[in-house]
Amino acid sequence: MASHRRPKQPNRTRVTVLTATAAAAVALSSQAAQAEPTPSKKDVKAKVDKLYEEAEHATEKYNGAKEKQEKLEKQVGNLQDSVARGQGELNKLRDSLGSMATAQYRSGGIDPSLQLFLSSDPDSYLDKASALDQLSSKQTEALKKIQAKQRTLAQQREEASDKLADLEATRKELEGKKKKIQGKLSEAQRLLNTLTAQERAALAKEEERANRASAERVDLGSTAPSSGRAGAAFSAAQSKVGSPYVWGATGPNSFDCSGLTSWAYSQAGVSLPRTSQAQANAGTRISKGELAVGDLVFFYSDLHHVGLYAGNGQILHAPKPGANVRYESINNMPFMFGVRV
């Protein structure tokens, strides 16, 4: 007779172990498939350079907002001073008119029309032409001066209020741009931290070699400055070779790109706008072949980088975060045009 025994069931512990092992194998293989390869030093450097470029672009926008803030602060201060002076003048005019009223009272009573003025708003009162006929010419003149001064003060107060609102908005804009720059720089640092200590040291040496070579071995040829002022500006910039790039800085110890050019030209007695985009309109635009020493040189389609032409295809500029003021080939960035100040 055939046997009908029940098949032997597998051990439960064995099933659990096998299942767990299989699950772990699947998980590991899935993680291996999804894991991204570690970026190379070259890839990290390219990404960091891109972030530095974006930070510089944001820096020029920050510089523009900061320049606007400084102008608004000056305008608000001037308006507030004018209002304070005007209020003092108005008080003197009112005191003078009050003295007239006192003199009239002592000599026989206050003119009814003047009495009416002293107890009401002069603007509405002066609209009543019939009342003016009852005032002396001196009193009429005093009233007109008071009215004009009140109108001027009202306009100045309104303008100051508008400027203050604009100033507050600009301060908020400035803070936003500052955070954007700091975010770009922090992201760049995070990427650099993914490299090994040896790779970071290698990048630092590359940057150091670029800075050192700029000062020691650059060949500027014999190109003459475009003018005496351009020559003086270029000489001033040369004295800052080796100074660090710091975003928002205008010297004398550190610079960003437009900070260096504006500082250099200020040493030659020329006031340039603060941002690279505004400096692009500070003179006559010229081609690469027309460049002479000291001319401004602009890069990228949005003109967010500027330097000084140094001769022999070289520029002198504040390149980027982590670098020093140095000479570099004009071909290292997309050239747009030059400007002769």
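A search of the whole structure, a predicted model, finds 4 aromatic pairs. One of them joins Tyr62 and Trp247, whose ring centres are 4.9 Å apart. The largest pocket holds about 370 Å³ of space, and the largest nonpolar core has 31 residues. The points below start with the aromatic pair and go on to helix α9, the backbone, the cores and the pockets.

**Aromatic pair**

- A pair of aromatic rings is described by the distance of the centres and the angle of the planes.
- The ring planes of Tyr62 and Trp247 stand at 80°, so the pair is edge-to-face; the cut-off for that class is over 60 degrees.
- Tyr62 belongs to helix α2, and Trp247 sits in the loop between α8 and α9.
- The pair therefore ties together parts that are 185 residues apart in sequence.
- Tyr62 has 11% relative accessibility, so Tyr62 counts as buried.
- Trp247 has a relative accessible area of 21% and is partly exposed. The limit for buried is under 20%.

**Helix α9**

- Helix α9 is mostly covered, with 9 of its 11 residues buried.
- Among the buried residues of α9 are Cys257, Gly259, Leu260, Trp263 and Tyr265.
- Ser258 is also in helix α9. Its relative accessibility is 0%, so Ser258 counts as buried.
- The side chain of Ser258 makes a polar contact with the side chain of Glu60, at 3.0 Å.
- Gly269 comes just after α9 and takes a positive phi of about 85°.

**Backbone points to check**

- Most residues other than glycine have a negative phi, and most peptide bonds are trans.
- Gly251 and Pro252 are joined by a cis peptide bond, with omega about 5°. Pro252 is in the loop between α8 and α9.
- Tyr300 is not a glycine, yet has a positive phi of about 70°. Its place is the loop between β2 and β3.
- Tyr300 counts as buried, at 16% relative accessibility.
- Leu303 also lies in the loop between β2 and β3. Leu303 is not a glycine either, and its phi is positive, about 60°.
- Leu303 is buried, with 13% relative accessible area.

**A buried aspartate**

- Asp295 is found in the loop between β1 (284-286) and β2.
- Asp295 has 0% relative accessibility and counts as buried.
- Asp295 and Ser227 are 68 residues apart in sequence. In space, their C-alpha atoms are 9.0 Å apart.

**Nonpolar cores**

- In soluble globular proteins, nonpolar side chains tend to be buried together.
- Within the 31-residue core, the residues with the most contacts are Phe234, Tyr265, Leu296, Phe298 and Leu308.
- Helices α8 (228-238) and α9 (257-267) each supply at least two residues of this core. So do the strands β2 (296-299), β3 (305-311) and β6 (335-340).
- Another core, of 10 residues, lies apart from it. Its members include Leu291, Tyr309, Ile315 and Met333.

**Pockets**

- Rolling a probe the size of a water molecule over the atoms shows where empty space is left.
- The largest pocket is lined by 17 residues. Nearest its centre are Asp49, Lys320, Arg326, Glu328 and Met333.
- The elements that give two or more residues to the lining of the largest pocket are α2 (41-106), α7 (197-217) and β5 (326-329). Helix α2 gives the largest share, 5 residues.
- By class, the lining of the largest pocket has 9 charged, 5 nonpolar and 3 polar residues.
- The second largest pocket has a volume of about 270 Å³.
- The second largest pocket is lined by 14 residues. Closest to its centre are Tyr52, Leu192, Leu203, Ala204 and Glu207.
- Helices α2, α6 (137-192) and α7 each supply at least two residues of the lining of the second largest pocket.
- The lining of the second largest pocket has 7 nonpolar, 5 charged and 2 polar residues.

Terms used:
Residues numbered from 1 in each chain as written. Heavy atoms only, no water. 1 Å grid on protein atoms, 1.4 Å probe; cavity = no way out; pocket = protein on both sides within 12 Å on 5 of 7 lines; lining within 4 Å. Points joined across faces, edges and corners; volume = space filled by probe spheres on them. Helix = DSSP H or I, 4+ residues; strand = E, 2+ residues; numbered from the N terminus. Nonpolar A, V, L, I, M, F, W, Y, C, P; charged D, E, K, R; others polar. Core = buried A, V, L, I, M, F, W, Y, C linked by side-chain atoms within 4.5 Å. Buried < 20%, exposed > 50% of the residue type's maximum accessible area, 1.4 Å probe, protein only. Phe/Tyr/Trp six-rings, centres within 6.5 Å; stacked < 30°, edge-to-face > 60°. Polar contact = N/O pair within 3.5 Å; in protein donor to acceptor, adjacent residues only side chain to side chain.
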